[in-house]
Amino acid sequence: MVRESMIHRLLTSAFLFVLCLLLAQTGTAQQAPDYLAQGRQAFREARFEEAARAFEQATASDPQNAEAHYLLARVYYETPLHDRRKAARALDKALDIEPENVVYLVAQLQQLRTETNNFFAERLRELRRLELASKILDLDPENAFANEELGAVHIHDFWRYRNAVMIPTYALQYTSLQEGAGRFDYQAENVGVAERFIPTGNNLERIANPNRVFLNDRFDTESLASQGVPIRDLEVRAQRSYDRAITHLQKALEVDPRRRSVYDLLMEIYSLKGEYTEALVMLEDMYRFFPEDPETWTYLGLAHHRAGNFEASERSFETAFRFMDPAVKEAYTDIRYVLPQEEIKAYEADPVTYASRFWTSKDPRYLTPYNERRQEHYSRLTYADLLYGADGLDLRGWDTQRGRILVRYGPPEADVVIIPNDEAIHEGKTILIEALTTVGEGDLNNSGASAVRNDPQEMRDLMDSQLFNEMNTFNVWEYGEFRFVFEDPFRNGEYRLYTPKASEISDGMDVWENDYEIKAKETFRRTPERYEYEPTGRAVELPYLTTAFKGEGGVTDLYVHYGVPITTFDNGEQMLEITANTGTFLVSEQRDLLVERRRTIYGLPTEQIVSFTDLNLWVDTQTMTAPPGHHELSMEFETASGGTVAVQRRPVDIPDFSSGELGISDLLLAYRVEDTFDGKPHSASEIVRHDLSIQPAPWSVFSTNQPVYLYFEAYNLAKGDDGQTDYEVDIVLIPKEESRGLGRLVKNIFGRTGGVSVSFPGTGTLSDDAAYQILDVSGEEPGIYTLAIRVHDNISGKTVESEQDLFLE
């Protein structure tokens, strides 16, 4: 019995021990969820240090709890406790436990988006993101984050290849007049392209190298092509990248239309491609979900402006300003980068007033209710920020070199990326990108890509070759009369103006031809900004001439004679049923709007139509008074529907006739001059000066079948003792190529053969006199002629001269 009692007690003790052990283990197992709950609660209440401790306790008590590791990673990645390494380690542990958890994979993809300052590390991150995004889409084809990532990758490729040309390995010899100039010999190697300078001495050594080319400007691709260098266009690759980017990004929005960053990416690639109609469709959704986001409105402003919807663009930018923060608004309103250097001080003294005057002076269409040039400026800023921002340098697009140049001059006429790389390397990149980014084995276009995707070691080898073989690339912007060249020496997409290295200069490179830092500064000084207006309607030429005469009170009478092209008309009609608006605007050198004349015309009288060989012109004149000086004159015409638009803008010098010296007016070319005794013109298109009704010509074109009427005025003629003026007038019209300057021309008019010459005396009682002359050109050959006039005052002995070109057809 005693023994049985002892056995019973031992069994009971063992049972109680096991029971206590089980209860202890159960209690421990139940603590981890408690830690998770505590951590979640602390995380929601922004008690991040407590949350981190709770999640660390949860992972310590249960190392296989993947969610605890994931939540700990979030604390160290998303909060002020930010620690990239701790976050990465915690997430790696979560993925070790659940390697196909899409939420964890997306979190790792998000972590890998953080930029580094090291090119090689960034390239590794980029390739790792590609691998992750592809894996996520294999598990979840609808995943918005992975689709966005692949869309961004293909945008990068589209950007790189859309205007890219690949220049194969070649030897470059710089042409130079300097003795002893050498050459660069670029030799292809497996590790890239090595650069080697070979001195040639006084006698240029002719080394047998079929890849050698000769030029002074290393970025002159036309010269390269002319010397037989095969330049490969990468347009097909770019289009494939564009299509894939659009597919992935649209899929991301389909899944999650509130994914704000996807709208930025879509706007970026639509802008790169110039697909603004598609952009406007996308922006309807962006407006629906982000109506108070300033970039919704700047994107709309850009898209509407590029699509020619100027009124909608104006409203969009005005709305954007209501939502912008002060720093961004200042960037949009600061005009320092488009001002001439000598005007910046005046602008800084009163930015608001000066900016208003500047934009008024630059407005190409005063007849419209909006300022197209200012809209273009806002659009350029938006475009620059979309495409040229440097996140790694914390620079907005308009603060980068490419962005500022774009704001000054707009998109270049030609935008070329030069990739001086070995073709095999680029073929490897094609295989690698397809292997990493194409979803589904059946979608692979490249047989090599399929093999790489199934061979991890081969993929790693390709990654390595990409990292160490990709060379510097160049971005060339052509603007016709000037060019900018940018380089990407750190291979991070943050281009800067190209400057030759010291070794290149010592080897014979022409600094002035190839240093684009220097050339850019000179271009900025010479041409601070550029803009050419392109009307949305049918654009027609609007010829006009200006004639200045002495006015009263020290001002000048200015006449603007213009002609509106008319395609066809019936001579039997008295009126063309056209409603049109015309405007004449004079802007001073100080950017003040001096004169504006607006007029609505209800019907065009056919009596004002003058016919020429190839066209008909409806002619009219706008009269104004203006102060002397160097000004700009803008002449505008538009039909009421806006279907036809004509704009001509050019400098005009208005003379000062108040000096008291002998002077002569501008020469007024006319189709008809007749006396008028009631002070009224004979028709609506004629003007009256000194009791003469004059039909001015809107351009310097005359038919040899009609006479040329010339009207002019002489000022401040001296009077003799009898109170009479006495002067002589010489007029000559000769072919332009025979003229050799006005003085020599007028001096030799007598005794000449050919051309037209007229001389006559003048006298009167007034110091200011007017005269006209009819020139018979019926015997002259068609061509360009110089019309010259000299007035000699016989009393004072002074002479004044003037000349003007015209064309006889």
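**Entry 1. The β16–β17 pairing**

I looked up Val 610 in this predicted model and found that Val 610 stands opposite Leu 617 in β17. I then checked Ile 609, whose bridge partner in β17 is Trp 618. In total, 3 bridges join β16 to β17, and the two strands run antiparallel. I also noted that β16 and β17 form a hairpin, with 4 residues between them.

**Entry 2. The other partner of β17**

Which strand does β13 join through 11 bridges? I traced β13 (residues 556–566) and found that these bridges lead to β17, again in an antiparallel arrangement. For one of the pairs I recorded Ile 566, which has Asn 616 of β17 as its bridge partner.

**Entry 3. The sheet**

I wrote down the strand order as β12-β13-β17-β16, an open sheet of 4 strands with antiparallel pairing. The edge strands are β12 (544–550) and β16, each of which pairs on one side only. On average, neighbouring strands of this sheet are turned by 30° against each other, direction ignored. As a general reminder, I noted that strands of a sheet pair through backbone hydrogen bonds.

I next asked how many residues of strand β17 are buried. In β17 (residues 616–626), 9 of the 11 residues are buried, so the strand is largely enclosed by the rest of the structure.

**Entry 4. Gln 608**

I located Gln 608 in the loop between β15 (593–605) and β16 (609–611). Is Gln 608 buried or exposed? The relative accessible area of Gln 608 is 4%; because buried means under 20%, Gln 608 counts as buried.

I then looked for its polar partners and found a polar atom of the Gln 608 side chain 2.7 Å from the backbone oxygen of Val 619. Leaving out residues up to four places away in sequence, I listed the contacts of Gln 608 as Leu 617, Trp 618, Val 619, Asp 620, Ala 684 and Ser 685. I followed Ser 685 from this list in the next entry.

**Entry 5. Ser 685**

I found Ser 685 in the loop between β21 (668–675) and β22 (687–689). Its relative accessibility is 1%, and Ser 685 therefore counts as buried. What does the side chain of Ser 685 contact at 2.5 Å? I identified the side chain of Gln 695, with which Ser 685 makes a polar contact.

With residues up to four places away in sequence again set aside, Ser 685 touches Gln 608, Val 619, Asp 620, Thr 621, Gln 695 and Pro 696. I noted that Val 619 and Asp 620 are listed both for Gln 608 and for Ser 685.

**Entry 6. Helix α11**

I turned to helix α11 (residues 276–289), which has 14 residues. From its first C-alpha to its last, α11 reaches 20 Å, close to the 20 Å expected at 1.5 Å a residue. In α11, I recorded Tyr 276, Ala 279, Leu 280, Met 282, Leu 283 and Met 286 as buried. In general, an α-helix has 3.6 residues a turn, so residues three or four places apart point the same way. The buried residues of α11 pack against α10 (260–273), α12 (294–306) and α17 (372–388).

**Entry 7. The whole chain**

I closed with totals for the protein chain, which has 25 helices and 30 strands. Of its 809 residues, 50% count as buried. Among contacts with a separation of 6 or more, 64% are accounted for by residues 24 or more positions apart. The accessible surface of the chain comes to about 39200 Å², and 49% of this belongs to carbon and sulfur atoms.

Technical notes
Residues numbered from 1 in each chain as written. Predicted model: local features only at pLDDT ≥ 70, side-chain atom pairs only at ≥ 80, totals over all residues. Heavy atoms only, no water. Buried < 20%, exposed > 50% of the residue type's maximum accessible area, 1.4 Å probe, protein only. Polar contact = N/O pair within 3.5 Å; in protein donor to acceptor, adjacent residues only side chain to side chain. Contact = heavy atoms within 4.5 Å. Pairing = 2+ DSSP bridges. Expected span 1.5 Å × (residues − 1). Axes fitted to C-alpha atoms, helices over the stretch in contact; angles between N-to-C directions. Areas by Shrake-Rupley, 256 points an atom, 1.4 Å probe, with all protein chains shown as cover.
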